[in-house]
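Thanks for coming. I will go through one structure, a few residues at a time. Please have the view open in front of you.

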Amino acid sequence: MAEFSLKSKERLATCEKELQLICNEAIVYTDFTIVTGHRTKEEQNSLYERGFSKLQWPNGKHNSTPSQAVDVAPYVRPFGALFGGPEQVKRIMEMTGKRKGEVHSFIEKAYARLIGIMEGIAYSNNIKVRVGLDWDHDFNTLDQNFHDLGHVELHD
């Protein structure tokens with residue numbers, strides 16, 4: 001069975017109890033890392049300035065204490081935490097002999113699997129969430145204009 005690293009546990013501890021419950025149950029089914037829980041003003045604004053967030057401080061769900069959002073990444077051996085950056089994609093291509101599109105598809109499927117597990121756990125615990133894989137929760141990911149595959153937030 002997979003378990004969180006000390007760093008993932010520290011990041012998860014900055015999140016609302018409901019998100020902690022979802023993540024602690026999901027780790028039983030699949031390995032993943034906690035990328036971000038709470039974000040400071042500096043962290044949030046830096047992500048905004050670099051185009052990795054649409055929101056400035058204090059408007060993001062990561063900016064509350066405790067955080068109402070968590071960012072996760074699937075962990076698949078032997079590749080590690082899947083972020084999908086150019087260097088990682090290139091390394092996976094070299095390791096597997098797969099084409100770039102195949103590697104991107106592999107990474108997207110790993111996220112879909114993880115987020116699906118997390119959504120199922122949320123649903124079974126009567127916790128309403130919204131995910132960056134499908135912001136409007138209509139199961140049509142083609143209508144998204146901002147993809148944040150590993151983002152899970154509490155939703156009213």
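Glu10 is in helix H1. This is a predicted model, so please take every value in this talk as computed. Is Glu10 buried, partly exposed or exposed? With a relative accessible area of 41%, Glu10 is partly exposed, because buried would require under 20% and exposed over 50%. For a sense of scale, take Glu10 together with Asn140: they are 130 residues apart in sequence, and their C-alpha atoms are 34 Å apart in space.

Stay on helix H1, where Ser8 also sits. Ser8 has a relative accessible area of 1% and is buried. What does Ser8 touch, once its neighbours within four places in sequence are left aside? The contacts are Thr33 and Ile34. A polar atom of the Ser8 side chain lies 3.0 Å from the backbone nitrogen of Ile34.

A similar topic comes up in helix H3, which covers residues 41-49 and contains Asn45. Asn45 is buried, at a relative accessible area of 17%. Not counting residues up to four places away in sequence, Asn45 touches Gln56 and Trp57. Its side chain has a polar atom 2.9 Å from the backbone nitrogen of Trp57.

Next, helix H2, residues 17-26. Which residues of H2 are buried? They are Leu19, Gln20, Ile22, Cys23 and Ala26. If you look down the axis of H2, these buried residues fall within an arc of 165°, so they line one face of the helix. What do they pack against? The list has helix H1 (6-12), strand E1 (32-36), strand E2 (69-76), helix H5 (100-124), strand E4 (129-131) and strand E5 (151-154).

One of those H2 residues, Cys23, brings us to the cysteines. A general point comes before the count: a disulfide is a covalent bond between the sulfur atoms of two cysteines. How many disulfides does the model have? The count is zero. Why is Cys15 not bonded to Cys23? The closest cysteine sulfur to that of Cys15 is in Cys23, 6.7 Å away, which is too far for a bond, because the cut-off for a disulfide is 2.5 Å. Seen from the other side, Cys23 is in no disulfide, and the nearest cysteine sulfur to its own is that of Cys15. Cys15 is buried, at 2% relative accessibility. Cys23 is buried too, at 0%.

Now the nonpolar cores. The largest one has 25 residues, and the members that touch the most other members are Cys23, Phe32, Val72 and Met118. Where do its residues come from? At least two residues come from each of H2, E1, E2, H5, E4 and E5. H5 gives the largest share, six residues.

Take Val72 from that core and leave aside its neighbours within four places in sequence. Val72 is then in contact with Cys23, Phe32, Thr33, Ile34, Val35, Tyr111, Leu114, Ile115, Met118 and Gly150. There is also a second, separate core, of ten residues, and Phe79, Ala81, Val103 and Ala110 are among them.

The last topic is the aromatic rings. A pair of rings is described by two values, the distance of the centres and the angle of the planes. How many aromatic pairs are there? The count is three, and I will show two of them.

Phe4 and Phe32 come first. Their ring centres are 5.1 Å apart and their planes are at 90°, so this pair is edge-to-face. The two residues are 28 residues apart and link distant parts of the chain, with Phe4 in the segment before H1 and Phe32 in strand E1. Phe4 is buried at 7% relative accessibility, and Phe32 is buried at 3%.

The other pair is Phe79 and Phe106. Here the ring centres are 5.5 Å apart and the planes are at 75°, so this pair is edge-to-face as well. This pair also links distant parts of the chain, 27 residues apart: Phe79 is in the loop between E2 and strand E3 (80-81), while Phe106 is in helix H5. Are Phe79 and Phe106 buried or partly exposed? Phe79 is buried, with a relative accessible area of 13%, whereas Phe106 is partly exposed, with 27%.

That is the end of my part.

How values were computed: Residues are numbered from 1 along each chain as its sequence is written. This is a predicted model: local features need pLDDT of at least 70, side-chain atom pairs count only at pLDDT 80 or more; totals for chains, interfaces and linings use all residues. Side-chain values use heavy atoms; hydrogens and water are left out. Buried means under 20% relative accessible area, exposed over 50%, partly exposed in between (1.4 Å probe, protein chains only). Helices (H or I, at least four residues) and strands (E, at least two) are DSSP runs, numbered from the N terminus. The arc is that of the directions from the helix axis to the C-beta atoms. Contact means heavy atoms within 4.5 Å. Rings of Phe, Tyr and Trp (its six-membered ring) pair if their centres lie within 6.5 Å; planes under 30 degrees apart count as stacked, over 60 as edge-to-face and the rest as tilted. A nonpolar core is a set of buried Ala, Val, Leu, Ile, Met, Phe, Trp, Tyr and Cys residues joined through side-chain atoms within 4.5 Å. A polar contact is a pair of N or O atoms within 3.5 Å; within protein, one must be able to donate a hydrogen and the other to accept it, and residues adjacent in sequence count only if both atoms are side-chain atoms.
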